[in-house]
Amino acid sequence: MAKVVNPRVEILASNGIQSIPKEYVRPQEELESIRDVFEEEMSDEGPQLPTIDLEGLDSDDKQVREKCHQELIKASKEWGVMHLVKHGISDELIDRVKMAGKAFFNQSVEKEKYANDQASGNVQGYGSKLANNASGQLEWQDYFFHCIFPEEKRDLSICPKTPTDYIPAISEYAKQLRDLTSKMLSVLSLGLGLEQGRLEKEVGGMEELLLQLKINYYPKCPQPELALGVEAHTDISALTFILHNMVPGLQLFYKGKWVTAKCVPNSIIMHIGDTIEILSNGKYKSILHRGLVNKEKVRISWAVFCEPPREKILLKPLPETVSEAEPSRFPPRTFAQHVMNKLFRKSEDSGETK
């Protein structure tokens, strides 16, 4: 079977086109809410994405520690997304990760060697989004996707050999991010009145929780008011951690309005994913979000999705989160069933995301 290759968005953008192909133009109801991302980011009006300082996370001072925990729990319940600062991962390592990702996308011919084959179900590697709904809608992005933790579950054959620091930088980042993941799950467990290790265990533990890296590359767009880098969605993961190159684009749907995330230096953005929303019976929020594009600057983001095993665990609200007053809001499903259900609903919606 011949490999289906979408035209790379990067190539489209570099060809000097003045108008984007119709497949990239969003439906009218979406266009009404797409505005200039730089103006949106500069505005101080309305609610702002919370910033959580993690310096007190492991403090010996109980009061300092509990204050940090409560701020994180509050943000997870009210927003489901936040900037994490003083998170313990060095600026130097984060810079190495960003430099490696940028260097990969700066290669012209070399990166096609890592092209994936979505038609045959192989999504790891270099790719562009295939239309997965009835309207044939496309997103203004290319990406590179692969598993980065646990190490024994990685496929090093699809990891870029150039730049040479790609594998060392990503491997070290994965280890440190996995430690941060455990700390976040621990606090979120306490916020539900559970034992510290409970959520970690429920999503697969150190052996089974997969960390999947998706480097999203959003080229300059000649008509950013008509396109989206990524359409509105919630993450299927337990948690998602995002780095970016300080170009705005992330928007959150909060209290009926799209809110643009500001660029906070040295921060990691953390999302609560569907998996934790289900386990907490909706107490923690998996927020609807999307990505805008612009005509002036390339935007790159490094998203790490922490995903439970596809078949081994039945996702359903934990018994401690369910009561007569708060009955179960989610039917039992494996992670694989949850993914398929979302894809099915998306195709039914013909491009709209619930």
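**Two sheets, a helix and a pocket**

In this predicted model, eight strands form an open sheet with mixed pairing, in the order β1-β2-β10-β7-β12-β5-β4-β3. Here strands (E, at least two residues) and helices (H or I, at least four residues) are DSSP runs numbered from the N terminus, and two strands count as paired if DSSP finds at least two bridges between them. The edges are held by β1 (51-53) and β3 (125-128), each of which has a single partner strand, so one side of each is left without a neighbour in the sheet. From one strand to the next, the twist averages 25°; axes are lines fitted to C-alpha atoms, for helices over the stretch in contact, and angles run from 0 to 180 degrees between N-to-C directions. Within this sheet, β7 (residues 239-244) and β12 (residues 299-307) run antiparallel and are joined by six bridges. Leu243 stands opposite Trp302 in β12.

Helix α6 packs on the sheet, touching β2 (81-85), β4 (142-149), β5 (210-218), β7, β10 (268-272) and β12, where contact means heavy atoms within 4.5 Å. The direction of α6 makes about 135° with that of β7. The helix comprises 26 residues (166-191) and reaches 37 Å from its first C-alpha to its last, close to the 38 Å expected at 1.5 Å a residue; the expected span is 1.5 Å times one less than the number of residues. Just after α6, Gly193 adopts a positive phi of about 75°.

A further open sheet has four strands in the order β6-β11-β8-β9, with antiparallel pairing. Its edge strands are β6 (230-233) and β9, each with a single partner strand, so one side of each is left without a neighbour in the sheet. Neighbouring strands of this sheet are turned by 20° against each other on average, direction ignored. Three bridges connect β8 (residues 250-254) with β11 (residues 289-291) in the antiparallel sense, and Leu252 has His289 in β11 as its bridge partner.

Strand β9 (residues 257-260) also gives the most to the lining of the second largest pocket, with four residues. Of the 13 residues that line this pocket, the closest to its centre are Glu40, Glu45, Trp258, Val259 and Thr260. By class, the lining has three nonpolar, six polar and four charged residues.

Residues are numbered from 1 along each chain as its sequence is written, and side-chain values use heavy atoms, with hydrogens and water left out. Local features need pLDDT of at least 70 and side-chain atom pairs count only at pLDDT 80 or more, whereas totals for chains, interfaces and linings use all residues.

Key: 1 Å grid on protein atoms, 1.4 Å probe; cavity = no way out; pocket = protein on both sides within 12 Å on 5 of 7 lines; lining within 4 Å. Nonpolar A, V, L, I, M, F, W, Y, C, P; charged D, E, K, R; others polar.
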